[in-house]
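The exercises below concern helix packing and burial. Work through each task before reading its solution.

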Amino acid sequence: MAELDHIVVAVENLEDSIGAFVEATGVRPVVGGSHGGRGTRNALLALGPQLYLELLARDHSQANGEHPAWLGAMDYSPGLGRLTTFCVRVPSEDVDDRFKHCSRRKVDASVLEWQVDASDHEHAHVARLPQEGTSPFRVSWCGSEHPAAGAPKGCELPLLERVAVLPEGGEKTESIYVDGMFSLNTVFHIAGGTPMRIFINNADTYVGNALCADLQKILETPTRIYATVKGGDDCQVPPPVRRIVSRRDQSNVLKAVSQSHLAVFDLHSSDLAEVDFILRRLKSQPLDQQLVLVLISSVMVWARTKPNSVDESVGDGLVPETASENASDAEELQSSETAVLTDADWRRRVPSSRYRSWKKLETLALSLNSLDSINAYVVCSGVLYGNGELTFYDDFRAAWLGEVTHRIIGDGENIIPTLHVRDLARCVRHLSAATEEQSYVIAVDDGLNKQKEILTAIVNHLGTGVEVPKISYDQAVACLDEREAFLLDVRLQASDFLHHPEFTWWSKDGPVAAVDKLINEFCAWRNLRPLKLVLIGPPASGKTFYAAKIAESYRLVHITVGPVVQEALARGKKVKAMVDPEAQESDAEPVDVESLDDRDRQEDFRDGPFYLSLLEQWEELEGTQPNPRLPAPMICKAIRYELERRNACKFRGYVLDGFPRTAEEARELFVMPLTGKEGVDDENEDGDETSKKLVVDDTLRPGWAFLLQSELDACRSRLEALTEAEATGTHNTVEDFQRRADGWTKEIESHGSVTVLDALNNVLEGERTCREIKVDGVDTDDVVDIISQAIEHEGCPYNYIPSKRTEVEAKTIEMEREELRKKQAEV
């Protein structure tokens, strides 16, 4: 019995047709090869296990003489593909003398062979189609692997029909291949449903990016996204967008919407007049198919909603247009009772004065549900957060920079409804199926976080960790317009489908619970990466000077051993005062030192046992030595705690000044035991220290290490040039210099053993090695530039600073402009 094997679509240009096919379906046909002597080449796409689509085009590299290409390859419609014929596969026992051998060379240089019935279509030159293409030709694959096996998958062929013109007039349709219920008007359809065409207004915005990411595929159905963009210097069109819709004429946008299955408008970034135009024109615009329209709004439309309230202020002209016109107007945002409001209360929503036009657009969108061809939804989203941040951007930025500018407005007890931007996109994706009866949707997470909780979490986990001060509404009047969302105090309940187990949340419990995840997202989206450097060299080679310069240029934390040890000792004294009964006041009881580790965010008492142990060792050494020196493991642990404890070190980075000094210190600082079963050697599973595997701690691993090369005589000269005031209280004395110089020489010149350079090379990121920089006789600015160029060689993160390369380019441009001005003045 013959089975349908493949169908042939003649196209004018193979590459252009492959691109058009990808745009239409999301699936890319693979180039098959050339038919030698036939004047054609093809591309294939699987439609089933042993069924495929063949795009056939003229191969202009072949000289075909006077013979036309085969299988109707010349019978295409200009710019379009045309179904020219189809083929059935017969079993090998049905192959007879009428079948002739054929072959083509594949792109991998291998040869595909088959046999074709020459009586079906004039094998000699294969120019004429049997019955003008309405009857199939027959093929057998001679034991070769079927072409569909190696072709891309993702499409199906539901129906193939043959149409005959009857002598008495009219047409007769005969089904040739049926595997579904769709008529074969365009040859194929996407498995799981036809491609969904989606329109997104302003796809290059904060919300638009999230929508494009989540709407690439809906219920296993590929989508085609058409979009407008806001544009600008930082405009980046998301990759899923297939085509940009020009908004020079609003009718272009209207046409794109009317041709879509799903259209999404986000009021946060839209031109409200343009949205109003589109919504009004949709009432009379003919649509190509059923349209799901989603209008994304904000909880600010509910800002002044009180239990049993009715919005009577619209149009009365009595409410100030902005919150900053009257501080008491801002206080009103927090005066509403915190009863829970649901989507059933949507008719009673009362917006703040700046969001009245949003409410009007919500109502206009919902009115489209009176049309049979439109399902309209309004999504009232919580204050958005996540990814690169929008509403909370200034707070994340200030915390990352270590700025102490955060302020809580009022008492901070107001509840701010929130929603991660990715959960907003998932909500829209759910609504695209048009299965929800409730047209007004409230999309908020379960956080119920207060203003002070959100700001405190950001400052503690990303910033300095200091207590956030409070200011009154009068003090905040200048910034109330930008911070209006922080004044919300309304408790909203998410719509029912958001509580279903089938809805997959990205951040269900709100921003406070997910703050560490949000910090990682913020850093990734804003290209913020910590720069971690080590500067070593002989004593008085300029390590501290250059470390300070680099730290200032790149906003890094300058870590030196002395201050770190002194701070650790001070913490030890505070811990001792808490746990020592003799140091307690009469009404205070001593605290168990082991319980201090449980005191969250109390920086003076975290890791209390270690700080107390360090203090005890110091006091013991102080009683026996005039200038006590802590053991290397204790110093390394103090520095390690500093790097782990300070958010600035974790997120901006550090410059480690003159440390580690030995290979032992490098290993102690950057290497840690591998935890879990994998961290125990197979031969010794007792779990003792000698049996544990060691790995580099990626959270502390430095990205660069620099060795400042300087002759000891030059170092001594620098030290002797210091004034008495500069040297007092430091180890930069002539006596101490010799001790340190001897130690450095011994470490660097250790033959046959691992040096500090070897140890650093083993822990640096990637294939980097410690770079040696000569500093004697070199200008200090040049040394800084050499270090900066090494840091930025592989690309520098944004980190809110211009790179050295950018600064140099800016200076060059300015110099060229200055020279041009001088020449023009001379003329």
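**Exercise 1.** In which hand, left-handed or right-handed, does H12 pass H22?

The model is predicted: local features need pLDDT of at least 70, side-chain atom pairs count only at pLDDT 80 or more, and totals for chains, interfaces and linings use all residues. Residues are numbered from 1 along each chain as its sequence is written, and side-chain values use heavy atoms, leaving out hydrogens and water.

Step 1. The axes of helix H12 (residues 543-554) and helix H22 (residues 780-792) come within 11 Å and cross at roughly 55 degrees.
Step 2. H12 is therefore oblique to H22 (angles under 35 degrees count as roughly parallel, over 145 as roughly antiparallel, 65 to 115 as roughly perpendicular, the rest as oblique).
Step 3. The crossing of H12 and H22 is right-handed, the near helix being turned clockwise from the far one by less than a right angle.
Step 4. Contact (heavy atoms within 4.5 Å) involves residues including Phe545 and Tyr546 of H12 and Val783 and Ile787 of H22.
Step 5. By class, this contact of H12 with H22 has eight nonpolar, two polar and two charged residues.

**Exercise 2.** Which residues of helix H5 are buried, and which are exposed on the other side?

Step 1. In H5 (residues 272-281), Glu274, Val275, Ile278 and Leu279 are buried (under 20% relative accessible area; exposed means over 50%, with a 1.4 Å probe and protein chains only).
Step 2. These buried residues span an arc of only 130 degrees around the axis, so they lie on the same side of H5.
Step 3. Ala273 and Arg280 are exposed on the other side of H5.
Step 4. The packing partners of the buried H5 residues are helix H4 (250-258), strand S17 (262-266), strand S18 (291-298) and helix H7 (356-367).

Notes: Helix = DSSP H or I, 4+ residues; strand = E, 2+ residues; numbered from the N terminus. Arc of directions from axis to C-beta. Axes fitted to C-alpha atoms, helices over the stretch in contact; angles between N-to-C directions. Nonpolar A, V, L, I, M, F, W, Y, C, P; charged D, E, K, R; others polar.
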